[in-house]
Amino acid sequence: MTTHYSSEQLFKLLSEIPDPEIPVINIAELGILREVKWNDNLCTVVITPTYSGCPAMKVIDDDIRTKLNQIGITNIEVKLVYAPAWTTDWITDAAKQKLNAYGIAPPAHSTVDKRALLGKLHELKCPLCHSKNTEMISQFGSTACKALYRCLDCKEPFDYFKCL
Amino acid sequence: MNLQEAKFEYLLRLGDSSLIIGHRLSEWCGHGPILEEDIALTNMALDFVGNATALLTYAAQIEAKGRTEDDLAYLRDEREYRNLLLTEQPNGDFAATITRQFFFDAYLFFLYEGLKLSKDEMIAALAVKAHKEITYHMQHTTEWMYRLGDGTTESHQRLQNAVNDLWAYTAELFDMDEVDAILIKEGIATDLNKIKTQWEHCVNEVLTKATLEKPTTTFKQKGSREGKHSEHLGFLLAEMQYVYRAYPQVKW
């Protein structure tokens with residue numbers, strides 16, 4: 001009864017799953033969902049963690065199974081892969097805009113940009129008032145993927161999705 | 001010792017060190033000197049425990065005796081643990097935790113850089129991932145070395161004490177034995193002599209900039225490669241393993 005789905009259709013379906021910590025973007029936009037394979041019997045879903053210890057991976061695993069169960073697919077294998085290693089460069093531009101609108105400043109540069117290593121590339125725009133007059137409060141934030149900043153003009157603190 | 005046994009042993013060394021330092025850092029939860037630091041230390045703990053999970057999962061696969069990563073973490077006793085002595089040392093004051101972390105981060109930074117080229121695909125993949133995270137941690141710990149070392153008279157003194165106390169545990173980081181020899185030959189492991197030179201260079205530079213004295217003692221604490229630990233590990237394991245051992249079938 002479920003054989004009329006293609007791998008592409010299932011990928012699209014699973015793309016609807018929001019990230020548990022940042023629900024405005026989905027797991028495909030974030031680059032966590034890598035591949036979906038369906039061979040009329042077994043559904044193999046390949047995911048990769050953002051950070052090694054990201055506690056959201058278990059929730060995402062559960063969400064994938066629930067979603068597939070809803071359309072009658074019960075034989076599921078969720079595979080966790082580490083290569084290639086996840087990078088913020090995979091976050092799509094559309095998703096970066098969604099992050100910004102949600103109040104999280106998106107990753108400011110590509111990880112291949114060597115200037116970032118020397119700390120010379122930190123001009124973050126406040127997602128609320130768009131001022132560039134901002135400073136870091138804490139290198140680590142509310143989740144493994146974020147740092148904490150504040151805007152010196154509108155005085156609001158905001159999350160920054162750090163580059164990895 | 002065959003290749004499979006050497007690989008299992010090597011993965012335990014990497015995985016156990018990550019697990020134990022991760023657990024130590026997690027002990028700061030709710031006790032950090034400031035809120036931001038509480039968050040930083042526990043974030044790092046999360047990365048290390050995650051990294052340990054991946055390494056021990058792979059170790060269990062290589063061993064192929066039906067054990068899981070949880071069995072390896074929760075059902076082994078002190079003498080079966082292969083973590084570096086440095087990682088099990090108590091948190092002490094904030095200066096001691098930062099110093100322990102800085103010594104260890106600098107070690108892992110160069111070690112994982114080398115392991116990125118490992119001929120074992122899984123080890124190489126985990127090295128790439130861990131190296132990114134360690135680089136971020138190291139920016140944080142290095143900054144604290146400068147701030148505390150080149151800070152007030154008291155912060156300087158506390159950091160110098162920590163450096164002196166922990167120094168004896170650093171020589172062991174570079175010990176090699178049969179396990180390393182087998183894996184280096186296969187292109188799987190990294191030669192720790194090379195890492196030692198890089199580590200010493202990096203540590204000297206940071207100590208100098210932090211206005212700290214490099215200890216002159218050559219006394220060396222060792223034993224972790226054979227499972228001989230300091231008295232601190234047993235207490236740590238008792239706390240970490242209690243629930244799993246008391247309720248063997250528990251799920252949450």
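## Two strands to start with

In chain A, strands S2 and S3 pair in the parallel sense over five bridges. Strands "pair" here if DSSP finds at least two bridges between them, and both helices (H or I, at least four residues) and strands (E, at least two) are DSSP runs, numbered from the N terminus. Look for A:Cys43, which stands opposite A:Ile76 in S3(A).

Before going on, a word about what you're looking at. This is a predicted model, where local features need pLDDT of at least 70, side-chain atom pairs count only at pLDDT 80 or more, and totals for chains, interfaces and linings use all residues. Residues are numbered from 1 along each chain as its sequence is written, while chains are lettered from A and ligands numbered from 1 in the order in which they are written.

## Chain A at a glance

Chain A has three helices and seven strands. Walk along the sequence and you meet them in the pattern α-β-β-α-β-α-β-β-β-β. The C-alpha atoms of this chain fill a box of roughly 60 × 30 × 25 Å, taken along the principal axes.

How far does the predictor trust chain A? The score to check is pLDDT, the predictor's confidence in each residue, from 0 to 100. Chain A averages 88, and 90% of the residues score at least 70. Among its elements, strand S2 (residues 43–47) has the highest mean pLDDT, 96, and strand S5 (residues 134–138) the lowest, 89. Over residues 115–120 of chain A, pLDDT stays under 50, and the model has five contacts for them beyond four places in sequence. (Residues are in contact if their C-beta atoms, placed from the backbone, lie within 7 Å.)

## The three-stranded sheet

Strands of a sheet pair through backbone hydrogen bonds, either parallel or antiparallel. In chain A, three strands form an open sheet in the order S1-S2-S3, and the pairing is mixed. S1 and S3 of chain A are the edge strands, each pairing on one side only. From one strand to the next, the twist averages 15 degrees.

Strand S1 (residues 33–38) of chain A runs antiparallel to S2(A), with five bridges joining them. Here A:Val36 stands opposite A:Val45 in S2(A). The two strands make a hairpin with four residues between them, and A:Asp40 in the turn has a positive phi of about 70 degrees.

Helices lie across these strands. Helix H1 (residues 7–14) of chain A lies across S1 and S2, running at about 140 degrees to S1(A). Helix H2 (residues 56–70) of chain A lies across S2 and S3, at about 155 degrees to S3(A). Such angles run from 0 to 180 degrees between N-to-C directions, with axes being lines fitted to C-alpha atoms, for helices over the stretch in contact.

## The four-stranded sheet

Chain A also has four strands in an open sheet in the order S4-S7-S6-S5, again with mixed pairing. S4 (104–105) and S5 of chain A stand at the edges with a single partner strand each, so one side of each is left without a neighbour in the sheet. S4(A) runs parallel to strand S7 (residues 157–161) of chain A, joined by two bridges. The bridge partner of A:Ile104 is A:Asp159 in S7(A).

## Backbone oddities

Most residues other than glycine have a negative phi, and most peptide bonds are trans. A:Lys155 has a positive phi of about 70 degrees although it is not a glycine; you'll find A:Lys155 in the loop between strand S6 (146–151) and S7 of chain A. The peptide bond from A:Ala83 to A:Pro84 is cis, with omega near -5 degrees. A:Pro84 is in the loop between strand S3 (76–80) and helix H3 (93–102) of chain A.

## Helices in chain B

Two packed helices are described by the angle between their axes and the distance between the axes. The axes of helix H1 (residues 3–26) and H2 of chain B come within 7 Å and cross at roughly 160 degrees. H1(B) and H2(B) are therefore roughly antiparallel, the word for angles over 145 degrees (under 35 is roughly parallel, 65 to 115 roughly perpendicular and the rest oblique).

The axes of helix H2 (residues 35–63) and helix H6 (residues 121–149) of chain B come within 11 Å and cross at roughly 170 degrees. The residues making this contact include B:Met44 and B:Tyr58 of H2(B) and B:Leu126 and B:His137 of H6(B).

## Where the chains touch

How many residues of chain B are in contact with chain A? There are 19, and they touch 14 residues of chain A. H2(B) gives the most to this side of chain B, with 10 residues.

Definitions and conventions
Two residues are in contact if their C-beta atoms, placed from the backbone, lie within 7 Å.
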